[in-house]
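Subject: Structure handover and notes

Hi there,

Here is the structure I promised to pass on. Please have a look at it first, and then read my notes below.

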Amino acid sequence: MAKELYNLGEQPPLGIVPQKMHAWLIRPERFGVPTEAFQQEVVDVPPIADDEVLVYVMAAGINYNNVWAGLGIPVNVIGARNKAGEKEEFHIGGSDASGIVYKVGKDVTGLKVGDEVVIHCGRYSRDCEWVKNGGDPMYSPTYRIWGYETNWGSFAQFTKVQAQQCMPKPKHMNWEEAAAYTLVAATAWRMLHGWGANAVKKDDVVLIWGGAGGLGSMAIQIVKAAGAIPIAIVSGEDKFDYCMKLGAKGCINRNEFDHWGMLPHWKDNVGYAKWLKGVRAFGAKIWEVLGEKRAPNIVFEHPGETTIPTSIFVCDTGGMVVVCAGTTGYNATVDLRYLWMRQKRLQGSHFANTEQSKQMNELAVRGLLDPCLSRAFPYTDIPHVHQLMYENKHPHGNMAVLVGAKEFGLGASSKAPLAILHPILPKGDVHTTPHPYPMSAPLPGIAEAEAIKIADDGTQVKDLMHRGIIACAPGDTVGQVAKIMVDKEIHAVVVMDGGKAVGVVSQTDMVLARQGRTSEEARAMKAGDIMTPGCATCDANILLSEAVSLMTGRRMHRLIVTENDQPTGVISMTDVVRKIIGE
Ligand code: NAP
């Protein structure tokens, strides 16, 4: 007869499911840093649905999602589930695992008690019409990330998963290695193989950001296995050897370049020329490490804001920049000329569907994918590992914790099909990027965005605006406009034509007009030629905070204020700063 509860490491007889299990739980009343949010408790083993299986967890993979779950931001995952009708007031995280099937639902085929499996984290309802009609489950409204958006993840003795999530455990890997690669490798697989005509093919050149990171290390191996040519970008030469052993043809140290960040404005000749010089030097470096003058057919992206302009620029004509994250920021800027003229594709990608996960796993089973496990921890360290991640002090590469496995290094039942190098990351490598956004924090859909609470003191534009419009005509010379600016000590002049405001000449426009021209040439130009056309306006009765959003959204420093649709004044960022300092 089954005991009610088994100790950790004391494996119940195969197929015998106890009533209770040990688990690390997050509860809303202790949302906070990982060492406070996670606590060990004993809970009932969950029942399974007809299309589900219960897996005895041997080891669990770690990723950043459950730091967010523990903090309770940006989404309270427990509250969201309670709202949807699930009753448990706790969360068991963990979105990667290796283990043994202990129970199968009555509709499950192809899996039996005793099967050794690894688990991918994509769940969806088999009753979803979209899926039933053959649609990609990744686009199903029922799609959820197991162990983050759903409960009963792998930080417990038993986990409940859909049968379609289970894949054969590579026999040559130990439990902790097998628990470490699925999430990152399946994500990289879809990015590289999931996008039709742009899917990786033999001899393609693929540029991979963060080659020594979780995704990048998988991408290098997947690209190599496809017969294509991976080029890895890393932040130091000490990581070159690691990437080369994984299969990179060459590596680039991103710290040799400094053109990162948002694109300079296209009118900013000097800034743009400097950026162009930087990005061209970077492109030449790609040719150098590749040994031939070819542009990458695919750029494998996740840093986002700081690197997207470069990725788009260096990508080959008809090629694809495929992105699954924006670790350095979300406002990616693109010079559209390169995108449309060279017909490049900027493709978003998120995790992977069942088929893609299984294709990826086939590579692991065949011994062609090193799990790149950098460190494994004991079960008791689950909060500590998440705390390390929270503090950005965790080791690079993929991490795992033991759950049911008694010791490190157990579980391999055969030799690796191929001799594999097991490269090791350099010691002392530190994380430099901010915390990644949760893998699938439900972004608000149309009309369901939750209102954000804003403190606002009610100041309106009319309380701070400068009344009166200082204007010029489109035909006035830049010299004349400059005189108005200097005499009146203002930063911008409105261009009026036939009683209508048609544009603004700002100090920035003047400076840009002077770039590459003599002073005389610039002074002789017309206001209509250098103005920023169109007038960003706001009504005098709107809140100051709304005006600030308008300005920041358009990257402007002032707005023309209208009353009864007639321009009557100006509000500028300088006014806002004065108000903030004044208080
Ligand atoms: P990781 O192991 O921390 O690796 C990220 C790599 O990015 C680092 O190794 C770093 O390498 C590089 N990097 C850091 N700052 C950079 C910068 N400013 N410019 C260029 N490269 C920079 O993380 P990961 O597991 O690979 O995940 C990467 C991102 O993808 C995270 O945001 C993660 O949340 C997301 N993700 C998304 C999905 C999805 O399905 N959507 C799935 C998995 C992961 P160097 O310092 O050596 O350059």
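Which residue caps the N-terminal end of helix 9? That would be Asp 268, with a side-chain oxygen 2.8 Å from the backbone nitrogen of Gly 271.

Before going further, some conventions. This is a predicted model, in which local features need pLDDT of at least 70 and side-chain atom pairs count only at pLDDT 80 or more, while totals for chains, interfaces and linings use all residues. Residues are numbered from 1 along each chain as its sequence is written, and side-chain values use heavy atoms, with hydrogens and water left out.

**The chain as a whole**

The chain has 20 helices and 25 strands (DSSP runs numbered from the N terminus: H or I of at least four residues for helices, E of at least two for strands). Its C-alpha trace spans about 95 × 60 × 50 Å along the principal axes. Of the 583 residues, 53% count as buried (under 20% relative accessible area, with exposed over 50% and partly exposed in between, using a 1.4 Å probe and protein chains only). Taking contacts (heavy atoms within 4.5 Å) between residues at least 6 apart in sequence, 70% join residues at least 24 apart.

**Helix 9**

Back to the capped helix. Helix 9 covers residues 269-290, and its end C-alpha atoms are 31 Å apart, which agrees with the 32 Å that its 22 residues should span at 1.5 Å a residue (the expected span being 1.5 Å times one less than the number of residues). Its buried residues include Gly 271, Tyr 272, Trp 275, Phe 282 and Leu 290. Among the elements covering the buried residues of helix 9 are strand 10 (205-209), strand 11 (229-234), strand 12 (250-253), helix 10 (308-314) and helix 11 (336-341). Just after helix 9, Gly 291 takes a positive phi of about 85°.

**Nonpolar cores**

A nonpolar core here is a set of buried Ala, Val, Leu, Ile, Met, Phe, Trp, Tyr and Cys residues joined through side-chain atoms within 4.5 Å. The largest one holds 110 residues, and Val 53, Ile 92, Tyr 181, Leu 192, Cys 243, Phe 351 and Leu 369 touch the most other members. Strand 3 (residues 52-62) gives the most to this core, with 9 residues. Apart from it lies another core, of 26 residues, including Tyr 272, Phe 282, Cys 315 and Val 321.

As for Leu 369, not counting residues up to four places away in sequence, those it touches include Met 173, Tyr 181, Met 218, Met 360 and Ile 420.

**Two buried charged side chains and Glu 52**

Where do Lys 160 and Arg 123 sit? Lys 160 is in strand 8 (residues 158-162), and Arg 123 lies in strand 6 (residues 122-123). Lys 160 counts as buried at 17% relative accessibility, and Arg 123 does so at 15%. The side chain of Glu 52 makes a polar contact of 3.0 Å with that of Lys 160 and one of 2.6 Å with that of Arg 123. (A polar contact is a pair of N or O atoms within 3.5 Å; within protein, one must be able to donate a hydrogen and the other to accept it, and residues adjacent in sequence count only if both atoms are side-chain atoms.) Leaving aside neighbours within four places in sequence, Lys 160 is in contact with Arg 123 itself, and also with Trp 146 and Trp 152, among others.

**Cavity and pocket**

How many cavities of 30 Å³ or more does a search of the whole structure find? The search finds 1, with about 40 Å³ of space. Trp 275 of helix 9 is one of its lining residues, and helix 10 gives the most to the lining, with 3 residues.

The second largest pocket has a volume of about 960 Å³. Of its 35 lining residues, His 265, Thr 532, Arg 554, Arg 555 and Met 556 lie nearest its centre. Helix 16 gives the most to this lining, with 4 residues.

For the grid settings: on a 1 Å grid over the protein atoms alone, a cavity is a set of points where a 1.4 Å probe fits but cannot get out, while a pocket is an open set with protein on both sides within 12 Å along at least five of seven lines; lining residues have an atom within 4 Å of a point. Points are joined across faces, edges and corners, and a volume is the space filled by probe spheres set on them.

Best wishes
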